[in-house]
Protein chains: 2
Amino acid sequence: MRNTRADVVAAALRVLAAQGLESCSMRRVAAELDVQPSALYHHVPNKQSLLALMADEIVGSVGLGEADPRQLCTELRDAMLGVRDGADVVATAEAFRLGSSAIEERLAELVGADGARTLLLFTFGHAQATQTHRQAAEFGALLPGAVAAGQGGVGPGLTGAAGEGTASDLDASFGRGISIILAGLSATLR
Amino acid sequence: MRNTRADVVAAALRVLAAQGLESCSMRRVAAELDVQPSALYHHVPNKQSLLALMADEIVGSVGLGEADPRQLCTELRDAMLGVRDGADVVATAEAFRLGSSAIEERLAELVGADGARTLLLFTFGHAQATQTHRQAAEFGALLPGAVAAGQGGVGPGLTGAAGEGTASDLDASFGRGISIILAGLSATLR
DNA sequence: ACCTGAACACCGTTCAAGT
DNA sequence: ACCTGAACACCGTTCAAGT
């Protein structure tokens, strides 16, 4: 036995981490395993299934015993932000089973079905936006000017094209969004 | 002058409506205009830009004079759901400029920056899930069994694999999610 | 300014055939 | 069971050249 399905998923996650979702093709994953592209179809029916398995792995660390919805969403967010393009992978795969994922079910026990869906969609969307933003910032950092200007004290407010989108800004924005939704749930339940 | 940028965008939207996002390649758009693929690059720098222009067109009908945030989100949702794969096109393109789109700015005037972002992300995510679900339902309708069983009265609750995801269910779910967020905003602002 | 023709460097997926 | 080799039907993008 040369390779198992788990080997394929692991190789795909290695390619994702190293090269990003854009470059995570069936052919590159196959190359990572030193195998022909067609060999992958012995372990996985198609690329979409492979992405779903990757999403499961990324999200697998989230503790379903968690009783605090905010904590659960934060863990989910951290898991997605922990791997390159993780938010895109999870959001894409998860959208297909909205209403039937383990995390949504756990969340629904805590805050009801509508609350769970609202929290989840916000968490996915915000993580995607955060990751997109970070990517753009990284890219911008490779361009002339405004590199590590924020540290040196060149100017007070203006740090290149980043403007107002610091990492901590996005963390705070996420927390405030969750607060809004949770407040709405309390208010709705009287 | 054979073609203008607007012609390219219009052709792309025609292809999108007819064949979906998957099939909306630069090559197909070029074919729709009876032109070589390379000709498109005279009007648009790359595919991503073309998708952004398509998103602008899809969302352009949303009235920015609207003073009711719920109504604004509903209009946005309707605009996205009005074209095949519209939610994906808009969400993808809009994610890149989160914090700077016209709709988000209008929404921010009404409910603040955090509320605007929360409402927008929920609206995008829910529309994407709705459209994915509809697509799956359409696909399922082509398979044997459980076609229009809901009408005839074969059974009370079970309508094929659709289960609980009727169109009106999703409409209602959207409305309740918006209600939760708006309630949370009222509660947060005391 | 707008377009053609040809090329480059890729894709996902299928399928007969090997071991 | 797991994999190779070869093919099919595509991609986005570039670039010299035409009009």
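Biologist: Which residue of chain B comes closest to the rotation axis?

Modeller: Gly184(B) does, with its C-alpha at 1.6 Å. The model is predicted: local features need pLDDT of at least 70, side-chain atom pairs count only at pLDDT 80 or more, totals for chains, interfaces and linings use all residues, and side-chain values use heavy atoms, with hydrogens and water left out. Residues are numbered from 1 along each chain as its sequence is written, while chains are lettered from A and ligands numbered from 1 in the order in which they are written.

Biologist: What turn and shift lay chain B on chain A?

Modeller: A turn of 180° and a shift of 0.0 Å along the axis, with an RMSD of 0.0 Å (least squares on the C-alpha atoms of residues with pLDDT of at least 70 in both copies). A turn and shift of that kind are the relation of a two-fold axis, which is why the name applies. Both copies use the same surface, for 100% of the contact residues of chain B recur in chain A.

Biologist: How many residues of each chain are in contact?

Modeller: Contact means heavy atoms within 4.5 Å, and by that rule 24 residues of chain B meet 24 residues of chain A.

Biologist: What area do chain B and chain A bury between them?

Modeller: About 2,000 Å², of which 69% is on carbon and sulfur atoms. Buried area is the accessible area (1.4 Å probe) lost when the two parts are put together, summed over both, so the figure covers both sides. On the side of chain B, Asp114(B), Leu121(B) and Ile180(B) supply 28% of the area buried against chain A, more than any other three residues.

Biologist: Why is the pair Asp114(B) and Arg176(A) called a salt bridge?

Modeller: The term asks for a side-chain nitrogen of Lys or Arg within 4 Å of a carboxyl oxygen of Asp or Glu. Here the N to O distance is 2.4 Å, so the pair qualifies. The count between chain B and chain A is two salt bridges.

Biologist: Which helices of chain B each supply at least two residues of the side that touches chain A?

Modeller: They are α6 (102-141) and α8 (167-188), helices being DSSP runs of H or I with at least four residues, numbered from the N terminus. α8(B) gives the most, with 11 residues. That side of chain B divides into 12 nonpolar, nine polar and three charged residues.

Biologist: How many residues surround DNA strand D, and which are the closest?

Modeller: There are 18 (a heavy atom within 4 Å of the strand), and the closest are Arg2(A), Gln36(A), Ser38(A), His42(A) and Arg27(B). Sugar and phosphate make up 48% of the atoms of DNA strand D within 4 Å of the protein. Helix α2 (residues 26-32) of chain B gives the most to this surface, with three residues.

Biologist: Why does Arg27(A) count as a polar contact of DNA strand C?

Modeller: A polar contact is a pair of N or O atoms within 3.5 Å. A polar side-chain atom of Arg27(A) lies 2.5 Å from a base nitrogen of the strand, so the pair falls inside the limit.

Biologist: What do His43(A), Tyr41(B) and Met26(B) each place by a phosphate oxygen of DNA strand D?

Modeller: His43(A) brings a side-chain N or O atom to 2.7 Å, and Tyr41(B) a polar side-chain atom to 2.8 Å. Met26(B) uses a polar backbone atom, at 3.0 Å.

Technical notes:
A polar contact is a pair of N or O atoms within 3.5 Å; within protein, one must be able to donate a hydrogen and the other to accept it, and residues adjacent in sequence count only if both atoms are side-chain atoms. Ala, Val, Leu, Ile, Met, Phe, Trp, Tyr, Cys and Pro count as nonpolar, Asp, Glu, Lys and Arg as charged, and the others, Gly among them, as polar.
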